[in-house]
Amino acid sequence: MAATLISKPTLSSSFLGQKLSSRGNSKRSEPSRLVPRVTKCATDTAYGGGNVPKFSRLNVWDPYKRLGIRRDASEEEVWSSRNFLLNQYANHERSAESIEAAFEKILMASFIKRKKTKINLKTRLKKQVEESPPWVQNLLSFVELPPPVIILRRLFLFGFMACWSVMNSADAGPAFQVAISFGACVYFLNDKTKSLGRAALIGFGGLVAGWFCGSLLVPMIPPFLLQPTWSLELLTSLFIYVSLFLSCTFLK
């Protein structure tokens with residue numbers, strides 16, 4: 001029995017389920033090297049994955065240089081550059097955000113510039129009025145600027161009277177329409193000044209001024225520009241409507 005075991009050096013183990021060799025020496029395996037993984041920021045990756053082009057001017061501070069346009073570029077050029085770059089780098093999140101940020105900075109700067117220009121224009125006009133001669137200041141003291149709603153309503157009224165006069169030019173003269181317009185002008189002025197006498201005086205002055213301007217300017221109009229049914233009285237009434245509209249809207 002002992003001789004049999006010595007002649008067969010290979011032993012089998014029922015616990016391991018494998019044969020162990022007493023002759024061979026097992027080689028030790030070398031320890032595996034750990035390779036560090038580089039974690040990328042989520043904003044550096046593309047929307048759809050894969051390699052995509054990255055905006056080369058991503059970190060340029062000047063918004064105009066970032067979009068590749070001049071400082072005096074028009075609004076259409078700004079929009080065109082923005083849309084072109086977004087289409088080109090739409091799959092790169094940081095590039096798209098950088099392009100949008102530059103575009104918003106340019107729009108905000110343009111809005112502030114227009115607002116300052118408007119304020120400066122009002123300041124200049126006010127300064128010119130204050131530096132004007134006394135008679136100009138006294139003349140401007142009789143003028144006011146009402147809300148746009150009032151201007152549009154009165155413009156519609158006198159424009160309707162003018163159209164009515166032109167449509168009925170072949171039937172009768174515009175005396176009735178002129179009378180209604182004069183009454184409306186006095187009513188509006190009385191509501192503003194709270195003085196019927198002053199309102200009637202300003203309205204009558206507007207009527208006379210319109211008649212005078214019409215009588216002076218109508219003969220200068222070339223005949224081929226006028227319709228055969230348009231009489232001198234009708235054309236003069238159009239000037240009266242304009243004068244009454246200006247009187248009851250902008251005069252105090």
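User: Which residues does the UniProt annotation "transmembrane region" cover?
Analyst: Keep in mind that we're looking at a predicted model. The label itself comes from an unreviewed UniProt entry. That entry puts "transmembrane region" on residues 201–222 and 234–251.

User: How far apart are the end C-alpha atoms of residues 201–222 and of residues 234–251?
Analyst: Let's take the two spans in turn. Residues 201–222 are 77% helix and 0% strand, with end C-alpha atoms 34 Å apart. Residues 234–251 come out at 94% helix and 0% strand, and there the end C-alpha atoms are separated by 25 Å.

User: Which helix gives the largest share of the largest nonpolar core?
Analyst: That core has 17 residues, and Phe158, Cys185, Leu189, Tyr241, Leu244 and Cys248 have the most contacts inside it. Helices H6 (148–167), H7 (175–193), H8 (196–217) and H9 (232–250) each give two or more residues to this core. The largest share, six residues, is from H7.

User: What is Cys185 in contact with, leaving aside its neighbours within four places in sequence?
Analyst: Cys185 is one of the residues with the most contacts inside the core. Setting those sequence neighbours aside, its partners are Phe158, Gly203, Leu244, Ser247 and Cys248.

User: Does Ala90 count as buried, partly exposed or exposed, and why?
Analyst: Ala90 sits in the loop between helix H3 (75–88) and helix H4 (93–131). Its C-alpha atom is 9.9 Å from that of Phe55, 35 residues away along the chain. Buried means under 20% relative accessible area and exposed means over 50%. Because Ala90 has 34% relative accessibility, it counts as partly exposed.

Technical notes:
Residues numbered from 1 in each chain as written. Predicted model: local features only at pLDDT ≥ 70, side-chain atom pairs only at ≥ 80, totals over all residues. Heavy atoms only, no water. Core = buried A, V, L, I, M, F, W, Y, C linked by side-chain atoms within 4.5 Å. Buried < 20%, exposed > 50% of the residue type's maximum accessible area, 1.4 Å probe, protein only. Helix = DSSP H or I, 4+ residues; strand = E, 2+ residues; numbered from the N terminus. Contact = heavy atoms within 4.5 Å. UniProt positions renumbered as here; feature names shortened; annotations may be inferred.
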